[in-house]
Amino acid sequence: MASSKKPAASSLLSHVKQALIAYLETGRRLTVALSGGVDSVVLLDLLDRLRGELDFTLSAVHVNHQLSLHSSEWAGFCQSLCDARGVPLHVEAVKVRKRGELGLEAAAREARYGVLLARSADYVVLAHHLDDQAETVLLNLLRGAGVRGLSGMPALRPAAGPTLLRPLLDVPRATLLAYAKQRKLAWVEDESNADISLTRNFLRGEVLPVIEQKFPAYRDTLLRASRNLAEASALLDELGGIDLQRGVCNGRLDARYLAGLSQARAKNLLRVFFQAEGAPMPDAIRLQEMLHQLLSAGSGARMEIAWGGFVLRRYRGEAWVESMMPAPVDGWSRSWRGETRLRLPELGCQLEFVPAVGEGMSLARLRAHPVSLRLRRGGERLRVDCRRPRRSLKNLCQEAAIPAWMRERLPLLVCGEHLVAVPGIGVDCAYQAGEGEAGLLLRCSPL
């Protein structure tokens, strides 16, 4: 934020203006997450007053979680509020379902952010304030979070979509209430806020008032702690980035490099590695088990740990992280009719047929019989070197360092009943394009 000094209601507009100036360029598209509660109503009012001066376009989005009998009334209230200000509003209803370990609060949050991050805007502006930040830090502490979780919510967070912006993070809720009364703003009250069976409500209504009696400045104290931990988290990310450059090549982590690090640094590298591969963070116990197996597995041992839709494997001294996929159906096959590109989502890959001259597969010989793709059935043999005898596909895959689990999804190109080519292995001698002959290069890449 532009200033760490807490603003009074009378100076809140100036405070938010300075925060926006620090983050925004002119001409940006902002959309405010509008629930209809006092916090988001205050934020809408502030942004509405500033949009002309700071030259940004403003819209709003209301997510109807359909969890209250009053949900439609709140959506109507938000519509009236935006209509009165000339602010376009998008209302979207979502279905919130608990699943697995995901409780109602977390499921609602996931659904809400799914809508927010799909908006066509440069920034989604959220009304989280100092009290929210203190609650988040304390909740994460009670859940045993690491330094990243204890950093709380960032004021600015790039995302897969609009950037999330929180210009009120150092503003107490009391200041927002005072501003709302001063401006004679109307808002709605969500009856679920009084439900102390919900974790955050219990903390807000039962625990924090007791803490405040002994530690009246707890909000500022937790904010300061979160900022210190955010710095520590940034340093760990920086160190992890260094280790990532040194220990990871082509998306594979060298287990020998990992073994040369301290336990704490090795686990930090695993976290950064998973993040780089788009995998979720495992809990502390599972992370420790992953590290143990990576470092203790023998060179030929098969290692496989699944979590969160991903799987961690080790092959020839390297760690691989991939999204989990169901096994291909028995007898899978696919015809090829001359396409230059074939998406094979059931195998998790895409094939490209690149025109060439004097290399690759002979185009003329491919036209002799129907061409199709299929999986291994066992016993396949290929002669990729015309000076050497035909060899088993299993041995060729081992030489090419293709892991066993990938061989199960390897698309084999056949012409009639003859095996022609295997991606990553080569083309059979009988089908290789001769000098000056039109050919096709077969390339396989992950989706």
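Modeller: Let's start with the rule: a disulfide is a pair of cysteine sulfur atoms within 2.5 Å. Keep in mind that what we're looking at is a predicted model.

Colleague: Fine. What makes Cys 386 and Cys 429 a disulfide?

Modeller: Their sulfurs sit 1.9 Å apart. The cut-off is 2.5 Å, so 1.9 Å passes and the pair counts as a disulfide. Applied throughout, the rule gives a count of 1 disulfide. As for its twist, the link of Cys 386 and Cys 429 is right-handed, with 115° about the S-S bond.

Colleague: Which parts of the chain does the pair link?

Modeller: Distant ones, 43 residues apart. Cys 386 is in the loop between strands S17 (381–382) and S18 (391–392), while Cys 429 is in the loop between strands S21 (426–427) and S22 (438–446).

Colleague: Why is Cys 386 called partly exposed?

Modeller: Its relative accessible area is 35%. Partly exposed is the range between 20% and 50%, and 35% falls in there, so the label fits Cys 386.

Colleague: And why is Cys 429 called buried?

Modeller: Buried means under 20%. Cys 429 comes in at 19%, so it is buried.

Colleague: How do you know that Cys 78 is in no disulfide?

Modeller: The nearest cysteine sulfur, in Cys 82, is 6.6 Å away. Since a disulfide needs sulfurs within 2.5 Å, Cys 78 doesn't qualify. With a relative accessible area of 0%, Cys 78 is also buried.

Colleague: What about Cys 415: why is its sulfur too far for a bond?

Modeller: The closest cysteine sulfur belongs to Cys 429, and it is 15 Å away. Against a limit of 2.5 Å, that rules out a disulfide, so Cys 415 stays unpaired. Cys 415 is buried too, at 0% relative accessible area.

Colleague: What makes you say that both faces of strand S19 are covered?

Modeller: Cys 415 lies in that strand, residues 412–415. Leu 412 and Val 414 are on one side, Leu 413 and Cys 415 on the other, and all are buried.

Colleague: How do you know that S19 pairs with strand S16?

Modeller: Pairing takes at least two bridges. S16 (residues 371–374) has 4 bridges to S19, so they pair, running antiparallel. Arg 374 stands opposite Leu 412 there.

Colleague: And what joins S19 to strand S20?

Modeller: 3 bridges, again antiparallel, with S20 spanning residues 418–422. Leu 413 stands opposite Ala 421 in S20. The two strands form a hairpin with 2 residues between them, and Gly 416 in the turn has a positive phi of about 70°.

How values were computed: Residues are numbered from 1 along each chain as its sequence is written. This is a predicted model: local features need pLDDT of at least 70, side-chain atom pairs count only at pLDDT 80 or more; totals for chains, interfaces and linings use all residues. Side-chain values use heavy atoms; hydrogens and water are left out. Buried means under 20% relative accessible area, exposed over 50%, partly exposed in between (1.4 Å probe, protein chains only).
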